[in-house]
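I opened this entry to record how the ligand is held by the protein. My notes follow the order in which I looked things up.

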Amino acid sequence: MIRGGQAEVNGQTVRDGSFQVREGDDVRLHGASVGNHTYQYVMLHKPAGVLTAASDRHASTVMDLLPESLLRRKVLPVGRLDKDTTGLLLLTNDGELAHRLLSPKRHVWKRYLAVVSGRLISEDVAAFENGIALSDFTSKPAGLRILSAEAEESRALVELREGKFHQVKRMFLSRGHEVLTLHRVAFGALTLPEDLSAGEWRELTGEELAALKRDDSGQTGVANG
Ligand code: URA
């Protein structure tokens with residue numbers, strides 16, 4: 001069948017029986033997908049300047065950073081990072097897991113490194129812990145750990161479970177601090193590996209996937225106090 005031109009890999013007819021198929025390749029026989037029903041789980045180090053969207057007419061999106069083989073398998077971002085936010089973004093075609101990770105009941109912990117204007121103080125930590133009243137909702141208790149605090153600029157780790165639009169930026173702004181940069185370092189049980197540069201992606205390891213499914217996240221405490 002291969003020699004007869006019935007086999008396709010990633011849309012190209014392959015007549016060489018020794019051709020090596022790689023993980024993620026779209027393999028078809030007589031046009032029908034073969035042995036390719038597994039889900040894909042990918043972590044991307046989102047760079048600044050790209051939208052978290054499946055497509056956009058004008059701007060580049062996170063999908064532009066993925067290879068054809070993954071796009072064909074219809075992976076989609078789980079949740080959203082703002083255009084200027086960098087860091088860990090999970091993408092998958094496992095809709096059930098995505099739904100579970102984002103459901104308000106079981107929202108996983110997310111951890112961000114934030115650089116903000118002005119000096120962060122212990123009252124900011126208490127406000128994050130107690131919940132901050134924003135115009136349309138009050139945030140649930142969140143962790144804030146100050147890493148450095150100067151009159152001009154401070155750095156901090158933030159841990160929260162929710163993921164409302166511009167939530168971290170709005171929480172800081174309500175305390176009088178503008179977010180200058182925001183970088184997500186953890187999503188549920190996943191942490192952004194140091195060797196994954198901005199714009200790069202890789203599949204989750206089996207261990208990472210198992211931990212994510214179990215939701216081994218929990219508040220780590222690194223952002224407390
Ligand atoms: N909170 C924000 O304000 N922006 C993000 O991108 C993520 C969380």
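The entries below go from the domains to the ligand and its contacts.

Entry 1, the model and its domains. I noted at the outset that this is a predicted model. I found the chain divided into domain 1 (1-37), domain 2 (41-105 + 193-213) and domain 3 (110-187). For domain 1 and domain 2, I recorded a separation of 27 Å between the C-alpha centres.

Entry 2, the site. I looked up which pocket holds the ligand and found that it sits in the largest pocket. I then asked why the ligand lies between domain 2 and domain 3. The reason I recorded is that domain 2 (41-105 + 193-213) and domain 3 (110-187) both give residues to the shell around the ligand.

Entry 3, the shell. I listed the residues around the ligand as Leu81, Asp82, Thr85, Tyr112, His166, Gln167, Val168, Lys169 and Leu182. Sorted by class, I have four nonpolar, three polar and two charged residues in this shell. Helix H4 (residues 167-174) supplies the largest share of the shell, with three residues.

Entry 4, polar contacts. I checked the nitrogen side of the ligand and found a ligand nitrogen atom 2.7 Å from a polar side-chain atom of aspartate 82. For threonine 85, I noted a side-chain N or O atom 2.8 Å from an oxygen atom of the ligand. At glutamine 167 the contact is through the backbone, where an N or O atom lies 3.4 Å from a ligand oxygen atom. I closed with the area: the ligand taken alone exposes 240 Å², and the protein buries 94% of that.

Methods. Residues numbered from 1 in each chain as written. Predicted model: local features only at pLDDT ≥ 70, side-chain atom pairs only at ≥ 80, totals over all residues. Heavy atoms only, no water. Near = heavy atom within 4 Å. Polar contact = N/O pair within 3.5 Å; in protein donor to acceptor, adjacent residues only side chain to side chain. Areas by Shrake-Rupley, 256 points an atom, 1.4 Å probe, with all protein chains shown as cover. 1 Å grid on protein atoms, 1.4 Å probe; cavity = no way out; pocket = protein on both sides within 12 Å on 5 of 7 lines; lining within 4 Å. Sits in = over half its atoms within 2 Å of the grid points. Helix = DSSP H or I, 4+ residues; strand = E, 2+ residues; numbered from the N terminus. Nonpolar A, V, L, I, M, F, W, Y, C, P; charged D, E, K, R; others polar. Domains from an automatic or database assignment.
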